[in-house]
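The exercises below ask a newcomer to work through the spaces in this structure and the surroundings of its ligand. Try each task before reading its solution.

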Amino acid sequence: MADYDLAIIGGGLNGVSIARDAAGRGLRVILLEQGDLGGAASSATPHLIHGDLSVLERRGFRRVRRALAERKVWLAIAPHLVRPMRFVIPAHSEERPPWLLRTGLLLYDRLAGRGGLPPSSTIDITHHPVGNALRRPFGTAFEYSDCVVDDSRLVVLTALDAAERGAVIRTGARCVRADRADTWRLAVVDRGHRRVITTRALANTSGGWSVSVAETVLRQPPPRAGAVVQISQIVVPRLFEPDNVYVFQNSDGRLIFASPFERDFTLIGTVTHDFRGDPAIVAMPAADVSYLCEAASRYFREPVVPVDVVRTMSGVNLAPAAGRRRDGALAFDARRRKAPLITMFGGDVTTARWRAERAVTRLTPFYPMSRPWTAAVSLPGGDFPWQSFEAEVDAARDRWRFLSEAQAQRLVGAYGSRLSAVLGEATSRAELGPAFGPELTGAEVRYLMQTEWARFPDDVLRRRSKLGLTMPPADHDALAAFMANAV
Ligand SMILES: Cc1cc2nc3c(=O)[nH]c(=O)nc-3n(C[C@H](O)[C@H](O)[C@H](O)COP(=O)(O)OP(=O)(O)OC[C@H]3O[C@@H](n4cnc5c(N)ncnc54)[C@H](O)[C@@H]3O)c2cc1C
């Protein structure tokens with residue numbers, strides 16, 4: 001008998017979503033990730049859970065409705081990671097006419113259905129706090145509801161849920177060869193050790209590596225795909241006070257987002273273009289940084305310039321062969337007497353759960369398995385209604401009285417109702433071990449290493465938290481030493 005029912009190559013959002021779905025349906029699952037979970041494209045997304053106005057503009061009504069339904073699901077199952085926000089589009093005399101924006105947003109409200117987030121409205125920003133950060137000419141804006149998300153924590157908590165349902169999650173494990181017969185036989189370099197595993201089915205969710213994995217590791221025909229595409233964003237010091245996302249119409253017709261990011265910063269994105277090279281080495285070109293700075297400076301009172309940029313985020317993935325980049329691609333190959341192969345790449349964060357459900361369902365002729373379930377079950381720590389987020393923060397401050405409001409907001413946003421697993425019975429900050437920068441404690445690092453597969457400082461500072469943005473360099477070294485010595 002094969003060791004597993006399903007092995008997954010790649011621990012981005014696509015891979016972990018398949019692992020969660022399949023493990024919860026009773027399959028024996030192993031996921032192999034050569035680096036860190038979400039270490040590639042899945043932590044370089046626009047950080048949005050949304051229906052996407054640009055898809056609406058291209059008349060993708062069905063796709064927008066589906067994405068808005070998934071927005072509801074994410075709010076219900078991950079209320080700590082997904083935050084509803086008002087999105088503000090200033091009307092611009094040289095761009096889409098105001099009546100068109102208003103009509104589009106009314107349609108967006110309709111597609112979202114009732115009982116969700118507040119509907120769109122028109123605002124006079126000359127007398128509204130959202131106008132304070134903007135240049136003078138903007139008088140009218142349109143407001144609507146969507147959500148922001150911590151993308152890399154979404155990946156890790158999806159993997160954690162999979163693991164709690166029996167999936168084996170191996171980071172630092174690179175699949176170097178796979179031989180296909182009636183089962184798959186995989187050679188894996190797992191933290192320096194070579195091992196062989198067998199599995200009844202295989203999923204290639206290696207993102208920007210999908211073609212090279214198909215050709216050189218699986219030795220199967222490459223998936224039908226378009227170009228390899230790079231997505232990038234920039235982080236700058238906070239540009240505006242109100243807790244909303246701005247949506248700017250750029251002169252090339254694209255929509256540019258500026259979102260609050262980690263309390264003291266603003267995330268501006270996105271810019272995309274075709275990519276050539278090794279997906280492991282992705283740098284944001286200076287021209288892309290300038291593009292986003294110029295797009296934002298058309299609207300913000302204070303110009304945004306490249307020297308303001310404190311971090312860039314870039315990732316690459318394969319685009320599907322025919323347009324529709326947001327949907328991603330799913331291929332299923334189950335030739336006679338050959339073990340099944342699923343290939344899934346690209347697609348947006350909003351619909352990842354739904355895509356994984358479709359992918360795993362393709363295996364139903366091969367295994368007895370239970371029905372789809374992931375839409376109705378919370379991710380770890382997400383077992384409270386999204387409307388109660390502030391009550392969770394208040395409860396955390398009551399229980400751990402040494403937490404400031406901002407610290408409690410961050411911790412509840414990261415761990416939700418599982419915060420007690422991080423802070424335990426501590427009654428003072430000193431009981432949480434050494435401090436790294438103003439926020440991070442030894443107890444949190446230990447939790448991330450023991451429970452969430454963190455191995456190196458970047459796993460903690462860039463993905464499981466974003467505290468690297470504010471941590472002094474000397475504390476980086478102290479953290480590295482602490483992690484090297486921690487069990
Ligand atoms: C141009 C572009 C535009 C995008 N636009 C949006 C958007 O508007 N909205 C949105 O929400 N998202 C967007 N995304 C989507 C998002 O960035 C990701 O594509 C999505 O999260 C799915 O990623 P993935 O899991 O397929 O790949 P990745 O996150 O890249 O994961 C693949 C993983 O496979 C691993 N791997 C590779 N080879 C091996 C091997 N041999 N053994 C073990 N592991 C291996 C890699 O280390 C990597 O971690 C966009 C992406 C791109 C590229």
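**Exercise 1: the second largest pocket**

Task: find which element gives the most residues to the lining of the second largest pocket, and where the rest of that lining comes from.

Solution. With five residues, α10 gives the most to the lining of the second largest pocket, where helices (H or I, at least four residues) and strands (E, at least two) are DSSP runs numbered from the N terminus. The model is predicted, so local features need pLDDT of at least 70 and side-chain atom pairs pLDDT 80 or more, while totals for chains, interfaces and linings use all residues. Residues are numbered from 1 along each chain as its sequence is written, and side-chain values use heavy atoms, without hydrogens and water.

Next, take the lining as a whole: it has 33 residues, and Arg-83, Phe-261, Glu-262, Arg-263 and Arg-410 lie nearest the centre of the pocket. Among the elements that give two or more residues are β4 (82–90), β13 (255–261) and α10 (405–415). At least three lining residues come from each of domain 2 (50–148 + 228–317) and domain 3 (386–485), with bounds from an automatic or database domain assignment.

**Exercise 2: the ligand**

Task: which polar contacts does the ligand make through its oxygen atoms, and which domains does it lie between?

Solution. Begin with the side chains: a polar atom of Glu-33 lies 2.7 Å from a ligand oxygen, and an N or O atom of Ser-42 is 2.6 Å from a ligand oxygen. Then add the backbone, where an N or O atom of Ala-41 lies 3.0 Å from an oxygen atom of the ligand; a polar contact is a pair of N or O atoms within 3.5 Å. Of the 1,000 Å² of accessible area that the ligand has on its own, the protein covers 95% (Shrake-Rupley method, 1.4 Å probe).

Finally, place the ligand: because domain 1 (6–42 + 153–226 + 323–376) and domain 2 (50–148 + 228–317) both give residues to its shell, the ligand lies between them.

**Exercise 3: the largest cavity**

Task: how much space lies in the largest cavity, and which element gives the largest share of its lining?

Solution. The largest cavity holds about 100 Å³ of space. Its lining includes Phe-402, Gln-407, Arg-410 and Glu-444, and α10 supplies the largest share, three residues. Arg-410 thus links two exercises: this residue lines the largest cavity and is among those nearest the centre of the second largest pocket.

Notes. 1 Å grid on protein atoms, 1.4 Å probe; cavity = no way out; pocket = protein on both sides within 12 Å on 5 of 7 lines; lining within 4 Å. Polar contact = N/O pair within 3.5 Å; in protein donor to acceptor, adjacent residues only side chain to side chain. Points joined across faces, edges and corners; volume = space filled by probe spheres on them.
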